[in-house]
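Work through the exercises below with the structure open beside you. Try each task before you read its solution.

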Amino acid sequence: MRFLSLLSILLLFFCAGTRAQETVFNTQAASGSQQKQLAQVLADIESAYYVNFYYNETEIAGKYVSREFSIHAYKDVTRLLNRLLYNYQLGYEQVSDKYYYIFPVEDHPRAGRPAGNRALTTIDSDLANRVAPQPLFRTKARAIRQQRTIQGKVTDASDNFPLPGVNVMVKDGTAGVSTDLEGNYSISVPDDAEALTFSYVGYVSQEIGIGNQTTINVQLEPDVQSLNQVVVVGYGSQKRVNLTGAVSQINSEMLEDRPINSVGQALQGAIANLNVNFGDGRPGGNASINVRGFTSINSGNPLVLIDGVPGDINLLNPLDVASVTVLKDASSAAIYGARAAYGVVLITTKQGQKGELQVVYNNNFSMATPTTSHDFMTDGYETARLIDEAFQITTGNDYTGYTEEDYEELRKRQTDRSLPDVVIQNRNGRDQYVWYGNTDWWDYFFRNQMPSMNHSIQFSGGSEKIDFLVSGRFNQQLGMMQMNQDKNTAYNLRAKIEAKLTPWLTLGNNLQFAANTYNYPGSGSRGAVNTSFVYLGVHALPSYVPVNPDGTFTFRSQLNNYGIADGRNLELQYGKAKSQEKEFDFTNSLNLTLQPLPTVTVVGSYSFNLNPYSNFHRNTVTPWSVYPGEISYNGNDYYIESSSTDQYHVVNAYATFADNFGLHSLKVMGGYNQELKKYHNLNGRANNLLSEDLNALDLGTSDHQVGSNSVEWALLGFFGRINYSFADKYLLELNGRYDGTSHFPAGSRYGFFPSVSAGWRLSEEPFFEPLKNTISELKLRGSFGSLGNQSLSTNLRSANYPYIPVMNTGLSSWLMDGQRVQYLNVGNPVTPALTWERTTSVNAGLDLAFLNNQLTASFDIYERQTMDMLIPGKTLPGVFGAPSPRQNAADLETRGFELTLNWQQATSLGGKPFSYNAGIVLSDSKSYITRFDNPQKLLNDYYVGERIGQIWGYTVDGYFQSDEEAASYEAIVNQDYVNETRLRSPGDASRLQAGDLKFVDLNGDGVVNDGQNTLDDHGDLSVLGNSLPRYAYGINAGANWNGFDLSVFFQGVGKQDWYPGSETYFYWGVYGRPYYSFIPENFRSKIWSPENPDAYFPKLRGYSARDGRGALRVYNNKYMQSIAYIRLKNLTLGYTLPASLLDRWNIARIRIYFSGENLFTASPLETDYVDPEQVSANPNGGRGDNDARNYPFMKHYSFGLGITF
Amino acid sequence: MKKTTYILPILIAGASLFSCSDFLDRQPLSELSPGSSFGSENQLRQYTNSFYGLLPSGSDIYDERTDQIITTTFTDEQQGTRTVPVSGGGWDWGALRNINFFLENYSRGGLSETITAPYVGLAKFFRAWFYFEKVARYGDVPWYSQALEANDSTLLLKPRDSRMLIIDSVIADLDAAIASLPASQSSDRITRWTALALKSRVCLFEGTFRKYHANDDFGQDSRGNALTGAEELLALSAAAAKELMDNSPYSLYVNDPESAYHELFIAPSPINTEIILARTFSEDLQVVHNVNYYTVSPSYGKPGLEKGFVNSYLMRDGSRFTDQPGFATMQFYDEVQNRDPRLSGTIRTPGYTRVGSSVELPPDLGATVTGYQLIKYVSDPSHDKINGSVVPLPIFRYAEVLLNYAEAKAETGTITQEDLDATIGLLRTRAGMPSLDLAAANANPDPYLAGRYPHVSGPNQGVILEIRRERGIELVMEDFRWNDLMRWKAGQLLAQPFHGAYFPGPGSYDLDGDGAIDLVLFTGDRPPGNPDAQFLKLGSDITLENGADGGRVIVNANIAKTFREDRDYLYPIATQELLLNPNLVQNPNWE
């Protein structure tokens, strides 16, 4: 922003090449295609020269300018205005570097003074007086009407800064003033005046009823979709109207006033084809982001730059964000060359503003609760019976080991809860505890109400020479683990300062610090809190109890071969097994901006990022008991600690030249970028600890193991861009980047990535004039270009030296002389000649604005070819003895579109200004494999022509209604191949019978199978669906009235299929592992029986959803789930207190709000125990957990307060 | 202010100081390259250490569920329900790649042959081990002596080589290993003696396999060539064993005959005079196994010896238990009296005490499904927690070598009484039993064993049966049984119903003869009394052949077991492998 306005001013100074213009002015009221309204011409000048005019519209109305008059033909604005305004007896006064008053010459104090040929005026001390509120214009009618004075202040609703130069008009147009530098105005209006209108370029106009008010304070909303908006692009910015690539931007208001904990949450559904997914709902859970759908088999993520430096959005304070720009197509991203193949996300943080110190404080208190149902079977008797039945059918044995007497005891406790849950009985010759409980293990392990809070504060201000912004945040979220409740704590600090050292030199520094800590119970590696949902999901039967009467913990019933929750219950109950992840992020950027010539800007910056990450996991031996008085132990005692340091150095240097040559406008930018990453990790493990509470390797008494490793990589690139436009109508952009990376061998390390794009603003053509009142903007865009991907996602060695063969090291579990031995072995094979994965993409776009930009639309369609994907090579025969080395060996084609629609209007309601807006984003993509070395077209690998994400499966024709039907079907169709569970069942249960699924023999060969499992011979498989999301959308709407604001935001996916994974206990219940802990309530009613022939699930067969070729495990159409969804992501109702109330405390603004996240979800998904978003795949096919055994997604109810001083 | 003008040029100059090529040249910082990995003996040692991971561990060794040891659930192998996997299923070749890479590259460091030779020998030992496992599982497999390249389609798509060629190559590798490995005595390193022991094991396996499968689906390789050379292989087996017997420092561990056998498996560290190679464990290092919990808890399938195998233990005087009148309905206490002491070294018999305890314990039918509760490897109760065991588990021991020798000699018809005295005789002497008499054995082959091994015939039938008896008893729970059944063509032993101890019906039983009731079997309501006894309800907790009318314990009576003679002697190859390599053919009758 700052850079551009500077540039525009410079342009005014140094403009080469004037050519004589034949201009015809016509001061007569006339209409016709040869004429343009003066107001329109002034608006054009505003957008072309980045200046603002204020004037009384009535004074300008009815004046016309010839179409021949070119606003581009002058060296600077002053010359242009001199030439233009002279004919209308209008003068002007420049009040700041961007603002000009325009006034009738005879009306102005300085009337008569030649207005032109003045250099830019520096604002001097008495400027405020000179532009003090004063009527610009008074109608003759004023003398005969009663007048009263209304005063107030106009501020920017987004940051509360005063807005100078806002046009304040009486609705009937009889009077008008402008606000002063402090945003204040005072206007005399006729007594009968109804309303005031407030208008300002780049803001939504407001009309406010006057009523009895004498003070009217107004907040103007920035006009987000304004075509004049400046959009951040790579190494610079660009006016939206001049964009030729596929670029979307949202501004800070999408992130403010919502109870969000991370930027990722705010971006979900906000920008078309920016796809944001969360693997789980844990506090501090990370977002994965994607641009424009499936990128590469090798997976590829967008490049995320925070103030120009690669960064992690998960560590960013949402309130620091000023704008988020997504560069989607090759032309807009090409400037980032080899890392931009899958899009670029540019995040710009807020900048201090000139003016007095401003303090903004926001807080938010929120309560989270899972979005899904957690009503499980907790009746000890019913559940044990069901589990035993399911287990017995398939294995021939019972599961629980309960005798009929035990069942009798359990049955008594269904009604008589006064009976003891635990009794001591002699079993297998010993006294032991026998449990007869009705335990709700979910409630025992998990909470349902999790509070979180967020506090943030921001100080900003500045003078002519220096501006600054300092912000901080504290965010704490508590998790759902009942024992040792998990907790995520985040701190953020940002300090940004910019000093104009000389008129041509600006120095800036931007410091960012973040700290994030997640503590959780249990041991395990990163993200391992999710393993609790895996372990706790088994063997914790309601008939078992957590604690014996003597206070000892329970584990094995000793009536069967299993232990409750595989021992995780003990870890949690005993409470000594703990884990922590801690991450710091420190980034400092030093920026220098130099303007040796007015047309030239040179920027140099050096950024340093330090990212220390550490974690520890402690496991202890846990006591348990089943024989009264006898303690047994489970588990091992160890402590693991790992800490790593990432250092990242970024140097950027680039120069921009911009100038206008008559109607030609040219901007040339070129630069250099280099980045260096250094990673080092140190880790250790100690066994047999002296303490169960202290965390130190030193406290291990035996077998200290330590290890370390390091990785380095580097990038450098030269880049350039040329923008050319003719008469703001014909736009052309060329980009190129020559990039080198350390990831590839010297011979194939460099790549050149060019792109070209062009735009045509049809709406600026003369022939468009008749439509202009309806369609205010119409632009066609097209781009073509090539980008690279070098896949740098991890600190793993293999990702960073992919072409260099290395040896592995390890610690063997084979002991020599009582010690584990260190070993060396062959590393995985590599392909020495790796090089870039390259994408070429074509994009066509259309931008439309209707009704003076009230309705804007943008549509893009694209095709992206991903070539030479770096993939694990084709599946090799097992005798190769290693994973297939990665090769540049596959191609992919992705096609898609995205649509953005926005509507906004300001009007009045009940005499009060009322503004509302609504918007839709919609996007889609589909990908196909176009090259892959799989000549047999094995279906378990990629093959040419495959649509990514497709799900093959069998077709089921309901249940057999009778044993006879099953037998007669079996006589003609053998479905044994998909009946593994049945076949391994003992006795009668191995027969196909009533209630079993009837599989259709699609190919009529008498056998239901997958043939050769190839495309040519796929047996009875057919494509049943697709696991990738289609038609991702977001719908938002908002309204402001009388201090109240309301916004709703829906987000969803239009089409996506999911076949529940083999461990989805929330869905399969006892059809998976029969002994799952959490079986949905009333599950028995879903089981087929002769009395319940229309049940959702077939005849009960435990494990049939889990055995490799069990009837429910093989994908089939009956249990394929649609996980399309629409979700009320956010609903916020806020109220901003009237400014009149706050003045006395010197408070600029107070807003309170209530907000909810994920309040409502609709989906055809069969079960409410699974959140569709939880199992939704990201566009690259990744999922948190296909079995939905991860941290549940949460809905949040929150209350927040924002104060601006 | 003027100074600032220089900042940017300096910045740019500074940036370009990194010359492009140097700046982008980043080599691994914490990994060795193959080129620098073979320059010192230490590196060769480190590399060859990686091969040891191939050796079996923990439950690979003790969880030997075949026809001798059974649990509450049957494996697919026991049940005959193996299926053709889509991928994997044991077709793993990573270890071979690692070995071949070493053999191709070890000389790059330029070390002298005197230094490299033992390590080369070690690599060849492990290549032999690898291929022996593959042949036993799959029969023919492709032979590779180099690490494959991803683009070498000729080798990748190679058909299977005949097991004749593979075994010859394995023997060549072993001969090389025998020639170059040190003749030291170490139970945690591969030595010349380990290589000899493996050679005798491999050759015995292959010799008997070819002999007993000569006329069935497995008597030819995948190209249809008959598998010949059984005699030669058996002779090689005997010769390798003999070399060990004559020249190695190993001997049988001898102590009180009542306890020597048991002591061998509960010693905290391997008894080096007999154990040639063992996997060792450590509590401190948390490298552990689970044998205690496996055998004493009711939670790990309740393993126990199978009744038919228990019957094969001789009486202490060398006579056959199965010749005893009424042996089939003899109750537990009676049947374990005066038997081969190794029975008491393998299962709980009257008078059994835990290691370090003097409390006598009867078998716990809550922890053994058959009543014959395993005690081999079971250490003191302080190791009873899950994964709490650290007793070493043998992989090669001298007793096997003796058994190999005797069997190889007997199968080739060259066995003498001296041979028996030097092998079976020593094993029996250790147990305090009379030696095996060649003539007597052949004159009167045991009809009970003959029924179990119907394919044994000829003049040495009697002694071969006795050697098999001895092998089963001596090596039970040491992971030999599956291969033995396969090479002897004795798969039908898996198809027979599995039984436990005999009980005449409901009633109270004093299993260890101490006068106290240990076990009460009942029907209907649980009878009162006997507070210390174990109560098992017939039909639910325990099932007898004839229900309330008694009989042997029967396990999973409702599961029909099969063993397909035309199929189950080899494992199937995963379907994906067959698709990826059209030259690969499936093993007989798997589909």
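**Exercise 1. A strand and a surface patch**

Find the strand of chain A that holds Leu734(A), and decide whether this residue is buried, partly exposed or exposed.

Solution.
Keep in mind that this is a predicted model.
Step 1. Locate the residue: Leu734(A) sits in strand β38 of chain A.
Step 2. Read its accessibility. The relative accessible area of Leu734(A) is 37%.
Step 3. Apply the cut-offs: buried is under 20%, exposed is over 50%, and partly exposed lies in between. Leu734(A) is therefore partly exposed.
Step 4. Look around it. Leu734(A) belongs to a nonpolar surface patch, along with residues including Val668(A), Tyr724(A) and Phe784(A). Together the patch residues have about 590 Å² of accessible area.
Step 5. Ask which strands contribute. β37 (700-726) and β38 (730-741) of chain A each give the patch at least two residues.

**Exercise 2. Strand pairing**

Which strands of chain A does β46 pair with, and how many bridges join each pair?

Solution.
Step 1. Start with β45 (residues 886-909) and β46 (residues 912-931) of chain A. They run antiparallel and are joined by 19 bridges.
Step 2. Pick out one partner pair: Asp891(A) is bridged to Arg931(A) in β46(A).
Step 3. Inspect the turn. β45(A) and β46(A) form a hairpin with two residues between the strands. There, Gly910(A) has a positive phi near 55°.
Step 4. Turn to the other pairing. β46(A) and β51 (residues 1030-1041) of chain A are also antiparallel, with 10 bridges.
Step 5. Name a partner pair here too: Tyr916(A) is bridged to Ala1039(A) in β51(A).

**Exercise 3. Contacts between the chains**

Which residues of chain B does Glu712(A) contact, leaving aside its neighbours within four places in sequence?

Solution.
Step 1. Place Glu712(A): it lies in strand β37 of chain A.
Step 2. Check its cover. Glu712(A) has a relative accessible area of 15%, so it is buried.
Step 3. Read the contacts. From chain B come Arg26(B) and Leu29(B); from chain A come Lys677(A), Lys678(A) and Tyr801(A).
Step 4. Add the polar contact: the side chains of Glu712(A) and Arg26(B) are joined at 2.7 Å.

Now view the chains from the other side. Find the chain A residues that Glu577(B) touches, not counting residues up to four places away in sequence.

Solution.
Step 1. Place Glu577(B): it lies in helix α25 (residues 575-580) of chain B.
Step 2. Check its cover. At a relative accessible area of 8%, Glu577(B) is buried.
Step 3. Read the contacts. Glu577(B) touches Pro877(A) and Gly878(A), as well as Trp91(B) and Leu584(B).
Step 4. Go down to atoms. The side chain of Glu577(B) reaches the backbone nitrogen of Gly878(A) at 2.7 Å.

**Exercise 4. Salt bridges**

How many salt bridges does the structure hold over all chains? Then explain why the pair Arg494(A) and Asp320(A) ties together parts apart in sequence.

Solution.
Step 1. Give the total: 87 over all chains.
Step 2. Take the chain A pair. The side chains of Arg494(A) and Asp320(A) meet in a salt bridge at 2.9 Å, N to O.
Step 3. Locate both ends. Arg494(A) lies in strand β29 (residues 487-502) and Asp320(A) in the loop between β21 (309-310) and β22 (321-327), so the pair links parts 174 residues apart in sequence.
Step 4. Check cover: both Arg494(A) and Asp320(A) are buried.
Step 5. Repeat in chain B. Arg428(B) and Glu470(B) form a salt bridge at 3.0 Å, N to O. Arg428(B) is in helix α19 (residues 424-430) and Glu470(B) in helix α22 (residues 461-475), so this pair ties together parts 42 residues apart in sequence. Both Arg428(B) and Glu470(B) are buried.

**Exercise 5. Positive phi**

State the sign of phi at Tyr235(A) and at Gln286(B), and place each residue.

Solution.
Step 1. Recall the usual case: most residues other than glycine have a negative phi.
Step 2. Look at Tyr235(A). Its phi is positive, near 55°. Tyr235(A) lies in the loop between β15 (230-233) and β16 (236-239) of chain A. At 10% relative accessibility, Tyr235(A) is buried.
Step 3. Look at Gln286(B). Its phi is also positive, near 55°. Gln286(B) lies in the loop between β2 (275-279) and α13 (291-296) of chain B. At 13% relative accessibility, Gln286(B) is buried.

How values were computed. Residues numbered from 1 in each chain as written. Chains lettered and ligands numbered in written order. Predicted model: local features only at pLDDT ≥ 70, side-chain atom pairs only at ≥ 80, totals over all residues. Heavy atoms only, no water. Patch = residues over 30% accessible without salt bridge, like charges linked within 9 Å, V, L, I, M, F, W, Y side chains within 5 Å. Areas by Shrake-Rupley, 256 points an atom, 1.4 Å probe, with all protein chains shown as cover. Salt bridge = Lys/Arg side-chain N within 4 Å of Asp/Glu carboxyl O. Helix = DSSP H or I, 4+ residues; strand = E, 2+ residues; numbered from the N terminus. Buried < 20%, exposed > 50% of the residue type's maximum accessible area, 1.4 Å probe, protein only. Pairing = 2+ DSSP bridges. Polar contact = N/O pair within 3.5 Å; in protein donor to acceptor, adjacent residues only side chain to side chain. Contact = heavy atoms within 4.5 Å.
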